[in-house]
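Reader: Hello! Could you walk me through a few side chains here, with the reasoning spelled out?

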Amino acid sequence: MAGRVCLIKSVLNSLSIYFMFVFKMPKGVGRLLSSIQRRFLWCGCTKQRSFCKIQWRLVMRNKKQGGLGVGSLISKNRALLLKWIWRLSFPGTSLWKMIISSMYNLAYENGIPIFYNQPSKIWKDIMSIVQTDVHHVFTNHSKFMVGNDSLTSFWLDNWIGDYPLKTAFPRLYLLSSSKSALVVDMGRWSNGIWL
């Protein structure tokens with residue numbers, strides 16, 4: 001049994017990593033792959049059916065939580081796709097980031113990229129994950145530090161206080177002539193005072 005768990009983790013969970021890093025896995029495919037893993041664990045092959053001794057959700061749990069540490073393929077797929085959002089949100093001028101930015105007219109709101117031009121199927125899938133409950137988790141468990149980079153929007157990003165300045169001061173936002181300005185364009189900190 002331990003050998004089968006090792007094979008599931010090292011082979012069956014890893015075969016689809018390349019595709020899971022780029023494409024959103026349909027739920028049906030995730031269920032099919034999980035059923036293959038279950039059958040292999042309990043009977044050693046994928047053709048025969050056998051009696052499952054423990055619920056699969058318990059097998060997927062981490063070892064510290066009493067499971068075998070197999071993990072969920074759907075969760076792994078979501079995490080791998082979110083890594084692209086993390087990479088786009090991270091400061092830097094890598095070539096792939098500049099290409100994506102120029103192709104899709106990329107902007108940032110609260111550190112999360114927004115595509116103004118029609119994105120490809122791959123980016124639509126990635127953004128659909130962000131627009132679900134993950135958007136809430138991503139924005140609430142990340143902290144943005146302005147520094148001296150030019151990625152933080154003055155009005156739209158939550159960079160000072162609990163809300164974006166657009167929400168905190170809606171009248172000033174409406175009067176502003178530079179609604180898409182970055183923090184770098186609007187001033188600087190000097191001895192703890194905003195100039």
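**Side chains and their surroundings**

Author: Happy to! Keep in mind that this is a predicted model.

Reader: How many salt bridges does a search of the whole structure find?

Author: The side chains of Asp125 and Lys121 meet at 2.9 Å, N to O. A salt bridge needs a distance within 4 Å, so this pair qualifies. For the whole structure, the search gives a count of one.

Reader: Which helix holds both Asp125 and Lys121?

Author: The two residues are four apart, about one turn of the helix. The helix in question spans residues 121-140, and its name is α7.

Reader: Is Asp125 buried or exposed?

Author: Its partner Lys121 has a relative accessible area of 57% and is exposed, because exposed means over 50%. Asp125 has a relative accessible area of 12%. Buried means under 20%, so Asp125 is buried.

Reader: Which class of exposure does Ser72 fall in, with its relative accessible area of 23%?

Author: Ser72 sits in the loop between α4 (56-60) and α5 (73-89). Its value of 23% lies between the cut-offs of 20% and 50%, so Ser72 is partly exposed.

Reader: Which residue has its backbone nitrogen 3.4 Å from a polar atom of the Ser72 side chain?

Author: Along the chain, Arg61 is 11 residues from Ser72, with 8.5 Å between their C-alpha atoms. The backbone nitrogen at 3.4 Å from the Ser72 side chain belongs to Ile74.

Reader: How far apart in space are Asp185 and Ser153, C-alpha to C-alpha?

Author: Asp185 is in helix α10 (residues 183-186), and it counts as exposed at 55% relative accessibility. In sequence, Asp185 and Ser153 are 32 residues apart. In space, their C-alpha separation is 9.4 Å.

Methods. Residues numbered from 1 in each chain as written. Predicted model: local features only at pLDDT ≥ 70, side-chain atom pairs only at ≥ 80, totals over all residues. Heavy atoms only, no water. Buried < 20%, exposed > 50% of the residue type's maximum accessible area, 1.4 Å probe, protein only. Polar contact = N/O pair within 3.5 Å; in protein donor to acceptor, adjacent residues only side chain to side chain.
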